[in-house]
Amino acid sequence: MIYILTGGPATGKGTRSDILANALEIPHISTGDMLRNVAKKNLEIREKLSNGELISDEIITDLLEQRILENDCKEGFVLDGYPRTLKQAELLDVLLAKYGRAVTKVMELTIPDELAFKRILGRSKCTHCGASYGIDFPPKRKGRCDICGGHLAVRTDDTAETLSKRIETYRENSKPILDYYRDKGILMTVDASAHPERVVEEAQMEI
Ligand code: ADP
């Protein structure tokens, strides 16, 4: 059971990945989280992350290999944030083949652009405890955290202009990767506007 969840900004990859991983009792591997962890001990990766640069295909794939060899990945895993390039998709297949494994299904999450705008522009985070809020889970008191009463801030890159650019970049970059999986017959496109819990059924459906 090796699932890849992919999608543009605000499609809710993290939420759906968590639900699926919990239901199947396999780990949710977010390469972003994995890298932030490695960055604590590795200056080169720390610098790349803070400059917003992608980590090289070889380095990220090596890190991923170490992760999937851990015991909890024996039955499978849900991958989120990888592959980000066609090269990574190819390297992943080589890596999995080495262990007699293969990707089960790739789920592309899609939402209308208007919803991405609504979700991203309505997103805020507590500057004190880090709790997140959004259109589906607003704070009880405007601008204040429900948990600790801290001040809520919006991410500086969450603006309409940067979001249009991020959606555009996602479309350009993801096209070759999606084509690659479509050709293999393992790509499923999912409407991610609502019902994140449906991911469990969707994962088991025929393509
Ligand atoms: P975001 O959703 O903002 O892109 P992520 O948590 O997915 O955040 O990733 C954070 C950073 O980690 C990325 O900006 C990139 O530098 C690095 N990263 C994550 N996944 C990959 C990957 N598959 N290949 C290369 N770099 C990656």
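The legends below accompany close-up views of a predicted model.

**View 1. The ligand and the residues that surround it.**
In this predicted model, the ligand is surrounded by 13 residues, and the closest of these are T31, E53, G81, R84 and Q88. Sorted by class, the shell around the ligand consists of six nonpolar, four polar and three charged residues. Helix α2, which spans residues 31-39, supplies four residues and thereby the largest share of the shell.

**View 2. Polar atoms facing the ligand.**
Two of the distances in this view involve the protein backbone: a polar backbone atom of E53 lies 2.6 Å from an oxygen atom of the ligand, and a polar backbone atom of G81 lies 2.9 Å from a nitrogen atom of the ligand. A side chain takes part as well, since a polar side-chain atom of Q88 is found 2.9 Å from a nitrogen atom of the ligand. The ligand taken alone would expose 550 Å², and the protein buries 73% of that area.

**View 3. D57, a buried acidic side chain beside Q88.**
D57 belongs to helix α4, residues 57-68. Its side chain is joined to that of Q88 by a polar contact of 3.0 Å, and Q88 also places a polar side-chain atom 2.9 Å from a nitrogen atom of the ligand. Which side chain of opposite charge is nearest to D57? It is K87, at 5.2 Å, and D57, although buried, has no salt bridge. The cut-off for a salt bridge is 4 Å between a side-chain nitrogen of Lys or Arg and a carboxyl oxygen of Asp or Glu.

**View 4. The cis peptide bond between Y82 and P83.**
The peptide bond that runs from Y82 to P83 is cis, with its omega angle near 0°. P83 sits in the loop between strand β3 (77-80) and helix α5 (86-98). As background to this view and the next, most peptide bonds are trans, and most residues other than glycine have a negative phi.

**View 5. Two loop residues with positive phi.**
E25 is not a glycine, yet its phi is positive, at about 55°. The residue lies in the loop between α1 (13-24) and β2 (28-30), and E25 is exposed because its relative accessible area is 70%, the cut-off for exposed being over 50%. H195, likewise a residue other than glycine, has a positive phi near 50°. H195 is located in the loop between β8 (187-191) and α8 (199-204), and with a relative accessibility of 37% H195 counts as partly exposed.

**View 6. A salt bridge within helix α2.**
The side chains of D33 and R36 form a salt bridge with an N to O distance of 2.8 Å. Both residues lie in helix α2, where they are three residues apart, which is about one turn of the helix. D33 has a relative accessible area of 44% and is therefore partly exposed. Helix α2 is also the element that contributes the largest share of the shell around the ligand.

**View 7. A salt bridge from helix α4 to helix α5.**
E65 and K98 meet through their side chains in a salt bridge of 2.8 Å, N to O. This pair links distant parts of the chain, with E65 in helix α4 and K98 in helix α5, 33 residues apart. Is each partner buried or exposed? E65 counts as buried, at 16% relative accessibility, whereas K98 is exposed, with a relative accessible area of 56%.

**View 8. A salt bridge from helix α6 to helix α7.**
A salt bridge of 2.9 Å, N to O, brings together the side chains of R171 and D113. R171 lies in helix α7 (residues 160-183) and D113 in helix α6, so the pair ties together parts of the chain that are 58 residues apart in sequence. R171 counts as partly exposed at 42% relative accessibility, and D113 is partly exposed too, with a relative accessible area of 29%. Helix α6, residues 113-121, also holds R119, which is buried, with a relative accessible area of 16%.

**View 9. A network of salt bridges.**
R67, E70 and D72 are linked to one another in a network of salt bridges. Across the whole structure, a search finds 14 salt bridges. In general, side chains of opposite charge can pair when their charged atoms come close.

Methods:
Residues are numbered from 1 along each chain as its sequence is written. This is a predicted model: local features need pLDDT of at least 70, side-chain atom pairs count only at pLDDT 80 or more; totals for chains, interfaces and linings use all residues. Side-chain values use heavy atoms; hydrogens and water are left out. A residue is near a molecule or strand if one of its heavy atoms lies within 4 Å of it. A polar contact is a pair of N or O atoms within 3.5 Å; within protein, one must be able to donate a hydrogen and the other to accept it, and residues adjacent in sequence count only if both atoms are side-chain atoms. Accessible areas come from the Shrake-Rupley method with a 1.4 Å probe; for residues, only the protein chains shown count as cover. Ala, Val, Leu, Ile, Met, Phe, Trp, Tyr, Cys and Pro count as nonpolar, Asp, Glu, Lys and Arg as charged, and the others, Gly among them, as polar. Buried means under 20% relative accessible area, exposed over 50%, partly exposed in between (1.4 Å probe, protein chains only). Lys and Arg count as positive and Asp and Glu as negative; His and the chain ends are not counted.
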